[in-house]
Amino acid sequence: MFWFWFVLIAVGLFAVVWLWRFVRDGRFVVRCFRKANCIVSGHKGNGKDLLFMYVIHKRGERHYSNIRYNALTEVQEPKTFNIDPNTYKDFLNGSVTLIEKNLKEGRDYYLSDGGVFMPSTYQDQLVKLYPSLPLMYALQRHLLNSNFHCNVQNLPRLWDKIREQADYYFTCCAVIRIPFSKRTFVQKIRYYDNYEAAKANVLPYQVNKFLFLFPDKRQLALEHEHRAQYGDVRYLYILNRLPKEHYDTRHFHKVLYGKLAPKTDKNKRKKA
């Protein structure tokens, strides 16, 4: 009987600790998106749009995006975000042209698949296509009191005029579906507030979990050194319950073929 209660209490404490962490980390992620420009990277299927959906659902605010996430989404192409004909040269020369404000206050923009719309390998074309977007990106907080978020498979694939101006970076590491639930997932994410660290995929400094009980000056010094060199790097875990109304995971099928993607039976596909 003793062991039964011991195991039950241990499992209960473990569950409470992880639930507390899910809540804490989830709030931290939403706070970052609310505060500044964020870029999310990660391999296919690691939950980039899933993370966007999480933030959008938690914030519950009207927003802009190039794909539809929910009823609060207003679909706008990224080229809409401009202050043409103004460029950096106009600000340097003091020759800024007054323009009409065509976007609403306080609506963040979420760009899905930024590597398709702003690929770093097409620098010359991007400068011509989006001449004032980098400037708009830098001034968006002043102009619209909002932020511009983007996701991309690999951070260096995104236009450098955007990726190097972001404030926070998230790397989606893994998505684990909760058993017996089709729409509940645990996401493992790495967070950075330093571009070079995010670009290099620097790992967090792993401190002994019992350090708070037995202080180790050497470990603390190494942790502070790591932070001084790479900024804040940490793992985050969020419990993501995908709402019934959510984004189309195969959105671009309709964009290119003009119709929704067929439903796929994953089990049949594996057997084949």
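Start with empty space inside the protein. This predicted model holds 1 cavity of 30 Å³ or more. The volume of the largest cavity is about 40 Å³. Rolling a probe the size of a water molecule over the atoms is what shows where empty space is left.

To see the walls, select Ile56, Arg59, Glu61, Arg62, His63, Asp108 and Tyr110, which line the largest cavity. Try colouring them by type: the lining divides into 2 nonpolar, 1 polar and 4 charged residues.

**Stop two: a pair in the lining**

Keep two of those lining residues on screen, Arg59 and Asp108. What do they form? A salt bridge joins Arg59 and Asp108, with the closest N and O atoms 2.7 Å apart. Now trace the chain from one partner to the other: Arg59 is in helix 2 (residues 48-59), while Asp108 is in the loop between helix 3 and strand 4 (109-111). They are 49 residues apart, so this pair links distant parts of the chain.

Are these two partners buried or exposed? Arg59 has a relative accessible area of 12%, so it counts as buried. Asp108 is buried too, at 3% relative accessibility.

Next, add Arg34 and Glu61 to the selection. Together with Arg59 and Asp108, they are linked in a network of salt bridges. Glu61 is another residue you have already met, since it is also in the cavity lining.

**Stop three: other charged pairs**

Side chains of opposite charge can pair when their charged atoms come close. A search of the whole structure finds 10 salt bridges, so there is plenty to click through.

Select Arg24 and Asp25, whose side chains meet in a salt bridge at 3.0 Å, N to O. Turn on a surface here and look at each partner. Arg24 is partly exposed, at 38% relative accessibility, whereas Asp25 is buried, at 3%.

Then jump to Asp232 and Arg234. Their salt bridge brings the closest N and O atoms to 2.5 Å apart. Asp232 counts as buried, with 7% relative accessibility, and Arg234 counts as partly exposed, with 30%.

**Stop four: backbone oddities**

Hide the side chains for a moment and look at the backbone. Most residues other than glycine have a negative phi, and most peptide bonds are trans. Here are some places to compare with that.

First, zoom in on Asp84 and Pro85. The peptide bond that joins them is cis, with omega about 10°. To find your bearings, note that Pro85 is in the loop between strand 3 (73-75) and helix 3 (88-93).

Move on to Phe180, in the loop between strand 6 (168-177) and strand 7 (184-192). What is the sign of its phi? The angle is positive, about 70°, although Phe180 is not a glycine. Switch the surface back on, and you can see that Phe180 is exposed: its relative accessibility is 90%, and the cut-off for exposed is over 50%.

Finish at Asn201, in the loop between helix 8 (195-199) and helix 9 (217-230). Asn201 is not a glycine either, yet its phi is positive, at about 55°. How much of Asn201 is accessible? Its relative accessible area is 42%, so Asn201 counts as partly exposed.

Key: Residues numbered from 1 in each chain as written. Predicted model: local features only at pLDDT ≥ 70, side-chain atom pairs only at ≥ 80, totals over all residues. Heavy atoms only, no water. 1 Å grid on protein atoms, 1.4 Å probe; cavity = no way out; pocket = protein on both sides within 12 Å on 5 of 7 lines; lining within 4 Å. Points joined across faces, edges and corners; volume = space filled by probe spheres on them. Nonpolar A, V, L, I, M, F, W, Y, C, P; charged D, E, K, R; others polar. Helix = DSSP H or I, 4+ residues; strand = E, 2+ residues; numbered from the N terminus. Buried < 20%, exposed > 50% of the residue type's maximum accessible area, 1.4 Å probe, protein only. Salt bridge = Lys/Arg side-chain N within 4 Å of Asp/Glu carboxyl O.
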